[in-house]
Each structure stands twice: as structure tokens, then as C-alpha cells.
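Student: Could you take a close look at one part of this complex for me? I would like to see how it is built and how it meets its neighbours.

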Amino acid sequence: MSQFLKGTAIELRGVEKTFGITSVIRNVDLKVAQGERHALIGPNGAGKSTLFNLISGYMKPSVGQILLRDETISGLPPYQINRRGLSRSFQVTNVFANMTVWENIRCAVLWATGQRYAFWKNIDNLPEVRERTAQILVDISLTARRDVPAGLLTYAEQRALEIGITIAGGADVILLDEPTAGMSHAETERAVALIRRLTEGRTLLIVEHDMSVVFGLADRISVLVYGQIIASGTPEEIRGNKKVKEAYLGEEAA
Amino acid sequence: MLELIVISTLNGVLFGMLLFLMASGLTVIFSMLGVLNFAHASFYMLGAFFGFQISRWVGFWPALLIAPLLAGAIGAGVERYGLRRVHKNGHVAELLFTFGLAFAIEEIVQIIWGKSPVDFRVPPLLDFPAFTIFSTNYPAFKMFMLAVSIVIFVGLLVVLKKTRIGLIVQAALTHPHMVGHLGHNVGRIFMLVFGVGTALAAVAGVIAGPALVTQSNMAGLLGPILFVVVVVGGLGSLPGAFVASLLIGLVQTFAVSMNGSLAGAFGPLSPDYAATWLSDIWNVTIAQIAPIMPYLLLVLILIFRPMGLLGTRDT
Amino acid sequence: MSDLASSAAPPLPAAADKLKFYGLWLAVIVALLVLPKLFSSGGSLTTFSLIGISIIFALSYNILLGQTGMLSFGHAVYYGLGGFLAIHAINIVAKNKFAIPLPVIPLIGGLTGLVFAALLGWVSTRRSGTAFAMISLGLAELVASSALILRTFFGGEAGVSANRTKVFRLFDWSFGPQIQIYYLVAAWTLLAVLAMYALTRTPLGRMCNAVRDNPERVQFVGYDPHVIRYLAFCFSGFFAGIAGALAAINFEIANSAYLGAVQSGTVLFATYIGGIGFFIGPIVGAIFVTILSLGLSDLTPVWQLYFGLIFIAVVMYAPGGLTGLLMMHRPLLRAGTLTRVLPSYAVAFVPTLAMITGLMLAIETIVHFTVNPGDDSHIKSFGIPFDAASPYIWAMAAMLIFGGFYLSRKTWTRVAQAWDEALSSARDKGVAA
């Protein structure tokens with residue numbers, strides 16, 4: 001997992017998605033290098049979440065190909081893509097509400113530690129599972145809330161748990177869908193520090209609306225407007241791009 | 001042979017239309033409220049028994065109007081004071097509530113009208129053969145049943161296409177998660193939809209009662225077939241429910257009229273196997289397996305089209 | 001394990017906890033051994049056996065409903081097929097003089113349940129939620145109707161019978177007397193309950209809970225929810241088959257009622273009334289429903305109606321079931337604030353009881369006039385004689401229902417208030433989460 005290997009982590013080739021007669025994603029090409037922190041920005045309804053759904057296997061692309069480390073993953077079900085080392089979070093918190101924080105994280109650790117569908121092992125007698133779960137719990141700073149059902153956590157805590165579940169399996173390609181949405185300024189800062197720390201040495205693709213987060217975190221940025229990528233480059237390039245200013249940043253500045 | 005085909009087709013379409021009278025209400029309720037009303041067939045039964053009782057007092061024609069209204073009012077009450085309360089506990093609780101309700105309704109009907117069939121007769125006005133095909137007299141009452149179900153079918157189409165509530169229902173069918181945004185009168189719409197849906201089932205009960213058997217187990221017999229219809233058609237799809245209703249109506253009616261068996265087709269089984277289970281399969285006639293036809297169809301659909309014929313969404 | 005991480009993990013059970021756990025099971029074993037000494041009549045031994053069978057069946061059902069979130073309307077299929085295979089096994093073993101003793105027969109029932117669950121499960125667990133519920137109902141109808149067609153195997157309306165005493169005997173146990181059947185059922189119940197409890201503590205058991213809570217997210221942590229549902233379905237079928245085989249051994253007959261909708265409905269009632277949220281819930285429900293159905297059927301001809309009404313009441317007012325109701329009080333008990341709620345309970349109890357009495361009076365009166373209209377109107381139900389034709393009785397029933405309803409609405413609001421106060425003060429003491 002060393003940083004800046006020359007390989008490509010995620011690649012999209014001519015990906016399109018249509019619902020009926022509406023096309024939501026149009027001919028998208030995108031490359032995210034291994035170890036890169038890549039932000040996907042764009043106005044509401046541009047298709048960012050749909051793109052995440054396509055990459056993570058939640059939906060199948062109508063046309064085109066999606067590759068994970070040069071292997072085709074488009075058409076595979078989500079759990080197989082996850083087993084190949086790609087994990088995603090959700091924009092709307094999506095946790096196991098009736099289970100405790102501990103159990104939530106543990107569920108996300110099980111497959112990665114090779115437990116599969118084991119029905120002959122006592123779950124409390126699995127030291128590796130215990131240790132990894134505890135480590136994640138410490139990482140997301142929810143130790144004090146370990147035995148609380150996830151449904152009773154505060155919003156910021158649920159968002160932290162959401163990230164914890166996403167990284168717990170040890171995937172080295174992480175997709176985060178608006179991880180700081182709805183957070184206060186202080187909470188956002190803490191969340192960004194958390195994301196920076198937890199995705200160290202991994203590939204990160206992040207959808208984010210908060211521009212300070214985007215420009216502070218990302219190595220490269222792609223701009224999605226009406227289902228098309230209109231620009232892709234370093235933060236400086238994006239800042240200077242005329243098309244982006246017109247289509248997107250211009251609105252904010254005005 | 002031709003006679004058999006014509007009569008069976010007529011009966012099959014009739015049974016299918018009756019099924020659709022119920023399946024349509026069930027589907028619309030499912031799409032809007034998110035709950036599959038397990039007690040839907042019980043309202044069909046209530047319709048039949050109310051129809052029987054009221055036609056004894058004031059005659060069949062008033063009963064045809066009053067019984068569905070009564071059943072619909074009970075349905076609306078069930079939604080308002082039962083389902084709405086249970087709603088916060090989730091869909092499983094709602095389904096279980098209607099399951100308990102179906103059980104209780106069957107018990108109550110048994111207490112009031114007993115376990116044996118009641119003598120619900122065809123009204124004298126319609127008690128004559130409508131026409132004779134080849135040598136079979138086709139009863140006028142069955143033509144009347146067909147006419148009523150077609151009239152209601154057309155009426156439903158008009159309501160769906162032309163009225164405000166119809167537009168809301170249509171929207172709910174295609175975008176079920178948007179139902180929550182209907183605004184402050186969502187409760188009244190739910191109650192209305194539930195009431196009308198159960199009233200339609202009761203109409204089916206009143207017109208089916210004299211032709212079929214009006215008995216306390218009629219809901220238990222028909223209910224599972226009704227649920228097969230909505231699953232085969234695709235949960236929440238109104239056209240799917242229509243196609244599946246006709247399909248199951250025809251399949252079952254044709255099966256009943258056929259006497260073929262493996263023994264008939266290939267000759268009797270060698271006597272060595274006479275006392276084994278193989279002989280059961282060998283000698284069973286198509287008519288005898290008619291009751292399991294809908295369920296076989298269900299299994300086939302599940303294997304080849306898990307979402308149902310015209311279904312698009314998972315629950 | 002690193003220090004930081006190990007301090008974050010929940011403590012492993014200490015030796016004292018383990019001792020308590022094993023002690024509990026030991027106590028259960030002792031209780032099961034002593035029970036027939038205390039209640040030695042044939043009737044109570046039969047009741048205990050039926051309760052044991054019902055416990056296994058309800059717990060197997062809860063693997064689906066409570067653990068994995070799958071509502072099945074056709075669980076009796078696996079119970080019934082287990083029962084039929086057990087009866088045929090007894091007959092074959094007896095006829096060919098195989099050296100297979102009776103206590104092994106339930107395993108054959110279990111394997112039957114497992115095989116059929118494995119066959120039918122793959123298509124039916126493809127979808128969850130309402131679709132799964134409807135599919136389970138359709139498959140149950142398919143199997144139940146087929147049983148009437150395949151008469152040689154299922155014995156038609158009469159069913160198939162067997163003589164359990166003709167099987168190969170171990171240690172000279174004939175399994176003729178009910179006491180021996182009781183011990184057989186008790187041993188299997190203990191084994192099955194232990195096994196099903198252990199299942200909840202495995203990786204698969206925990207992933208079942210995850211599928212129940214959020215099947216969508218499960219796919220994004222590497223698991224296929226369909227496989228999890230399927231495995232849960234197979235386990236559930238296995239234990240249901242054991243229960244069915246024990247029932248067949250107990251009655252020495254298997255008939256189509258074993259597979260039918262009523263049997264499927266009964267296990268759903270028992271499990272849900274007991275409470276699906278806790279492991280012990282279905283056990284409580286099985287005991288409650290078995291005793292209630294045996295007791296009520298002596299007291300009133302319309303006991304099934306009461307049964308349905310109890311079920312509806314539980315769904316509406318106590319979705320956690322009996323166990324859920326009891327467990328709600330645990331934080332209050334720990335914080336010592338339980339005493340604040342009890343007086344309001346006592347107050348609410350009186351009008352509620354009045355309303356229930358009124359309802360029962362009305363039901364029994366109506367039943368008299370619809371079921372036996374010609375008979376003498378002086379009837380006796382629940383052991384109490386009264387005159388169903390008397391207008392005073394009617395007035396009393398109406399008064400109890402409406403007065404009771406009005407007052408109990410008021411008093412239950414008070415209960416809710418007292419409850420909120422007690423709970424918030426318990427929270428202040430740091431007890432409830």
C-alpha cells in the first residue's frame with residue numbers, strides 16, 4: 001500500500017447511466033491513481049452519488065466499463081467489489097441501527113478477517129476480530145460509546161461510525177460520500193483530520209460540498225456537471241479553470 | 001372440445017376479473033401504505049356474508065350497494081384506529097396486525113354464521129340461462145358478474161386517469177417513497193384508499209357469494225391465491241396484477257376441466273409400483289392438481305423472474 | 001493485543017460470569033429432572049412435552065423472524081415434513097429391525113427439515129420483506145395441497161401412524177409411558193436450545209442480525225445477504241424438523257394438519273407474543289401459548305377468537321411481546337425508580353380489567369345467541385354462571401366496556417407520565433443508555 005505507486009486504482013471508461021429516457025451520467029472517463037486523494041465536486045443533481053453507486057456496484061452502468069486495479073468490476077454485485085478491496089460510505093447515514101457501536105464495526109471486520117459465514121466459531125473467541133474492532137473504535141474516537149445502539153448516537157457520532165464501518169474491512173480504495181454534510185464547523189475540522197489519518201496510504205475518492213475541505217484534502221479534483229466531467233486536475237488547475245468557474249465556482253462567488 | 005374451450009375461457013376470464021377486483025385494491029394499498037393487507041380476502045368474505053344477510057332482509061340489489069359500503073367503512077376504521085397506530089412499529093408489525101385481523105374476522109364469521117355454507121341464492125331476476133353454447137346453458141348471473149367487474153374495471157381506469165386522487169395514486173405506484181410528501185391530508189387519503197380497496201374486495205364477495213360457496217373458510221381458501229397473484233404480477237404493479245389475475249384465472253379454470261393424467265397418456269403403471277408414491281403421481285389427473293397450479297406458477301416465476309411478470313422494484 | 005485497543009474492547013466474561021452461565025444451565029437441567037416428580041399426572045407430563053416441542057419450534061421460527069428479520073407464514077412445512085419422515089422412519093426401523101433407537105429419530109426429522117429448507121430456501125430467500133412473506137405462504141400452500149395428492153406417502157386425510165414401542169430398544173427403554181417421552185423431549189429441547197443459543201454467538205449469527213437491521217449495508221461489508229438469509233433458513237428448517245419429529249413421536253401419528261396454515265400461524269403467534277427481540281422471548285411465548293390454548297379450550301368454545309384478539313393487542317400495544325414488556329423495566333429496576341411507576345400501574349389496572357371483563361361478557365353473550373340460540377339462556381363461561389338473556393347483563397357489559405375504556409385511557413396517560421419521569425431519573429443516575 002505504499003504511496004504513489006504508478007498503478008491506477010479506479011478507472012472509468014465511457015461510463016453512462018440512463019433511467020428510462022433520462023441520462024444521469026454521460027460518457028464519463030475518470031482515472032484515480034493509487035494512493036491519490038481525489039475529490040469529486042459539482043452542483044446538486046450533477047450525478048455524483050449515482051457515480052458512486054455505479055463504482056460500488058449498487059447500480060450497473062448502462063454503457064461503459066469500470067476497472068479496479070485494471071480488473072473489470074462493472075456488473076459485479078456490491079459484496080464482490082467490496083471483497084476486492086473497495087469500500088464506500090453513504091451520504092445518508094446507513095448503519096445497523098439496533099446493534100451497538102461495537103457490533104457495527106465488528107460486522108465490517110468479519111469478512112476481511114476470513115470468518116466468512118462461520119457458524120462453528122464463538123465470536124468472542126476470535127482475537128484478531130476483537131483487536132481490529134477495538135483499533136477502529138479507538139481510531140474513530142467512539143470508545144466511550146461502545147455499547148450504545150447505533151440508532152441512539154448523535155449525528156456527528158453516526159457519521160464517524162459510518163466512516164469506521166467503511167474503513168474497518170481494510171479496503172485500500174475508499175469512497176466517501178459527503179462525510180461532513182450537516183456538520184458544524186468544529187465537527188467538520190475533526191472529521192477532516194479523521195479522514196486524513198484513516199486514509200493514509202490508501203486511495204480516496206470523496207464527494208464533498210465544503211470547498212475548504214476539498215481544497216485542503218484533495219491531491220486532484222474532478223468536476224461533474226450534468227453527468228459529465230468538465231474538468232479534472234490539481235486544485236490549482238481547477239481553481240484557474242474557466243469552464244469550472246462558469247459552471248460551478250462562479251455561482252458560489254456570486 | 002370447442003365447447004370446453006369456450007366455456008372454460010368464459011369462466012377463466014370471470015374468475016380472473018374477480019381476482020383483479022381484489023388484487024387491484026391490494027396493490028394500490030400496498031403501493032401507498034407500504035403494507036400488504038393480509039386481511040384483504042377477509043373483506044371479500046365479509047362482503048359475501050353481509051350480502052347474504054342484507055339480501056335476506058331487503059333483497060339482493062340493495063345488498064349489492066350496502067354490503068360493500070359497510071365493509072369499506074370497517075376497512076377505513078381498521079386503517080384509522082388500527083394500522084395507523086401500528087405503523088410506527090414498522091412494516092412487519094403492520095403485516096402481523098392484518099394477519100391477526102384475518103384470523104379474528106374468520107373466527108367472528110364462524111361465530112355469527114357458523115361453519116357450514118349459508119344459502120346465498122342467485123336473485124330470481126337473474127336466475128335463467130343467458131345463452132346456450134352447444135349443449136351447455138350459461139347462467140345469466142355469471143354474465144352479470146362479468147359485467148359488474150368490467151364496469152368497475154373501467155370505472156377504476158377513469159378515476160385513475162381523470163381525478164386528482166387518481167393522479168396521487170398513480171404517483172404512488174411509480175414513486176412509492178414520495179407518498180410521505182403528500183402533505184397534511186395524507187391520513188385522509190390513506191383511509192380513503194384503504195376503505196375503497198376493501199369495499200372493492202367486498203363487491204367481489206357479494207357477486208361471487210351466490211355463484212360460489214359462501215362459507216367461513218372462503219377467505220382462507222382465496223387469500224393465498226390472491227397473494228400469489230400480486231407476487232406473480234410483481235408487487236406494486238397494477239398492470240402486473242391484471243395480467244396475473246387473468247393468467248391464474250384461466251390456468252386454474254382450464255386445469256379443473258381437464259381429466260388427463262400420466263396414466264391416461266402413457267398407459268397404466270406396471271403393477272410393481274402400484275403401492276408406491278409413484279403411482280400417486282402417475283394416476284393424478286390435471287383436474288386434481290388444479291388447486292396447486294397457482295403455487296407451481298409462483299415457484300416458476302420465482303426461479304425465472306424473481307421480481308414478478310411486470311414488477312420493477314424490490315420490497 | 002495492543003494496550004490501547006485491548007482497553008477499548010468490551011471485557012471478556014470473567015470466571016464468575018462463566019460460572020453463573022454454566023450454573024444457569026445446570027439449574028435448568030435439575031429443574032427438568034425434578035419437574036415430573038412434582039407434577040406426575042399423565043396430563044401434566046403431556047403438557048410439558050408439548051411445551052418442550054413448542055419451545056424448539058418457536059425458537060427455530062425466531063431464527064427467521066427475530067434474528068434475521070424474515071416473516072414466514074409457512075414454517076410448519078419443515079415441522080410437518082420432519083414429523084412425516086420421523087413416522088416413516090419409525091415404521092421402517094421397526095419393520096427391518098434396524099439397530100436405531102427412538103432417541104435418534106428426531107435427528108432424521110431435523111435432517112428432513114434441513115433438506116427441504118435447502119431445496120425450497122434458495123428461491124424463497126432471494127427476496128426479503130413482504131415478498132418473502134408471500135412466497136413462504138405460497139410454498140406452504142403448495143406443500144400442504146401436494147400432501148393431499150400424494151396419498152401413499154402422506155396418508156390422505158387420516159395421516160400415517162406408527163408404534164414407537166416397536167423400535168430397537170436401548171437400555172430397555174420402551175418409550176411407551178409418557179414419562180419416558182417427557183425425558184426424551186426434555187433432552188432434545190435442552191440440546192436444541194443450547195445449539196440455537198450458540199448459533200446467535202457466531203459470526204453467521206451476528207451477520208443475521210446485521211441483515212435484519214440493514215440488508216443494504218451488509219452488501220458493502222463483503223457479505224451476500226441472500227446467502228445469509230439462506231443459511232438462516234436452513235438452520236431454522238433443521239430445528240423445526242426436530243420439533244416436528246418429536247411431536248410425531250409424542251402422538252404416534254403425522255397428518256396433514258402438521259403442515260397446514262394453522263400450525264404455521266400458531267408458531268408465529270407464540271413467537272411474537274413471547275417477544276422476538278430476546279432469545280428467551282419465544283420460550284416464554286411457547287409456554288404461555290401452549291398453556292393458554294389448553295386452558296382456554298376448556299373454558300370457552302370461542303377460545304381461538306380470544307387468541308386472535310390477544311395477538312392483535314400485543315401487536316398494537318406491546319410490539320416487544322411479553323419479554324419486551326418485562327425487559328423495559330430493567331433500567332428502572334437497576335436505578336431503583338421502579339416504585340414510582342407501580343402505583344400508576346395499580347390505578348390503570350382496575351379500569352383496564354373492567355374493560356376486558358366487559359368485552360368477554362359481551363363476546364360470551366353474543367356467542368350464546370348465535371351458536372346455541374335455542375338453549376337455556378343461563379350459561380356458564382370461565383366458570384361463572386350468568387343469564388345471557390338478562391338486560392342487566394347487557395347493560396353491565398356495555399357499562400364495563402365504555403366506562404372501562406374511558407377511564408383506562410385517562411389512567412394510561414398517567415402511566416406514561418410516571419414512566420417518563422422514572423426513566424429520566426434513571427438516566428440521570430447513568431443507568432439506561
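**Chain B, chain C and the contacts around them**

Tutor: Chain B has a radius of gyration of 21 Å, which agrees with the value near 20 Å that a compact globule of 315 residues would have. That radius is taken over C-alpha atoms, and the globule rule is 2.2 Å times the number of residues to the power 0.38. The model is predicted: local features need pLDDT of at least 70, side-chain atom pairs count only at pLDDT 80 or more, and totals for chains, interfaces and linings use all residues. Residues are numbered from 1 along each chain as its sequence is written, while chains are lettered from A and ligands numbered from 1 in the order in which they are written.

Stay with chain B for a moment. Its C-alpha atoms fill a box of roughly 70 × 50 × 40 Å along the principal axes. Its secondary structure comes to 13 helices and two strands. Helices (H or I, at least four residues) and strands (E, at least two) are DSSP runs, numbered from the N terminus. Of the 315 residues of chain B, 45% count as buried. Buried means that 20 or more other C-beta atoms lie within 10 Å of the residue's own; exposed means 12 or fewer, and partly exposed lies in between, with C-beta atoms placed from the backbone. Of the contacts in chain B with a separation of 6 or more, 79% come from residues 24 or more positions apart. Two residues are in contact if their C-beta atoms, placed from the backbone, lie within 7 Å.

Now the partners. Two pairs of chains are in contact, and chains B and C share the most contacts. Here 44 residues of chain B meet 38 residues of chain C. Several helices of chain B each supply at least two residues to this side, including helix 3 (60-86), helix 8 (218-233) and helix 13 (293-304). Helix 4 of chain B gives the largest share, 14 residues. By class, the chain B side has 31 nonpolar, nine polar and four charged residues. Ala, Val, Leu, Ile, Met, Phe, Trp, Tyr, Cys and Pro count as nonpolar, Asp, Glu, Lys and Arg as charged, and the others, Gly among them, as polar.

Chain A does not touch chain B: their closest C-alpha atoms lie 12 Å apart. Chain A does meet chain C, with 46 residues from chain A and 31 residues from chain C. On the chain A side, helix 4 supplies the largest share, eight residues. That side divides into 25 nonpolar, 11 polar and 10 charged residues. Chain A itself holds nine helices and 10 strands. Its radius of gyration is 18 Å, in agreement with the value near 18 Å for a compact globule of 254 residues.

Chain C touches both of the others. Chain C has 18 helices and four strands. Its C-alpha trace spans about 80 × 65 × 45 Å along the principal axes. The radius of gyration of chain C is 25 Å, which agrees with the value near 22 Å for a compact globule of 433 residues. Buried residues make up 47% of the 433 in chain C.

The domain assignment splits chain C into domain 1 (28-318) and domain 2 (330-428). Such bounds come from an automatic or database domain assignment. The C-alpha centres of the two domains lie 34 Å apart. Five residues of domain 1 are in contact with six residues of domain 2. The domain 1 side of that contact has four nonpolar, one polar and no charged residues.

Helix 2 of chain C deserves a look. This helix covers residues 15-38, 24 in number, and reaches 34 Å from its first C-alpha to its last, close to the 34 Å expected at 1.5 Å a residue. The expected span is 1.5 Å times one less than the number of residues. Helix 2 of chain C bends by about 25° at Leu32(C), and Pro36(C) follows within four residues. The bend is the angle between axes fitted to the seven residues ending there and the seven starting there. The count of buried residues in helix 2 of chain C is zero, so it is hardly covered.

One residue to finish. Ile291(C) lies in helix 13 (residues 281-299) of chain C. Ile291(C) is partly exposed because 14 other C-beta atoms lie within 10 Å. Phe48(C) is 243 residues away along the chain, yet the C-alpha atoms of Ile291(C) and Phe48(C) are separated by 9.4 Å.
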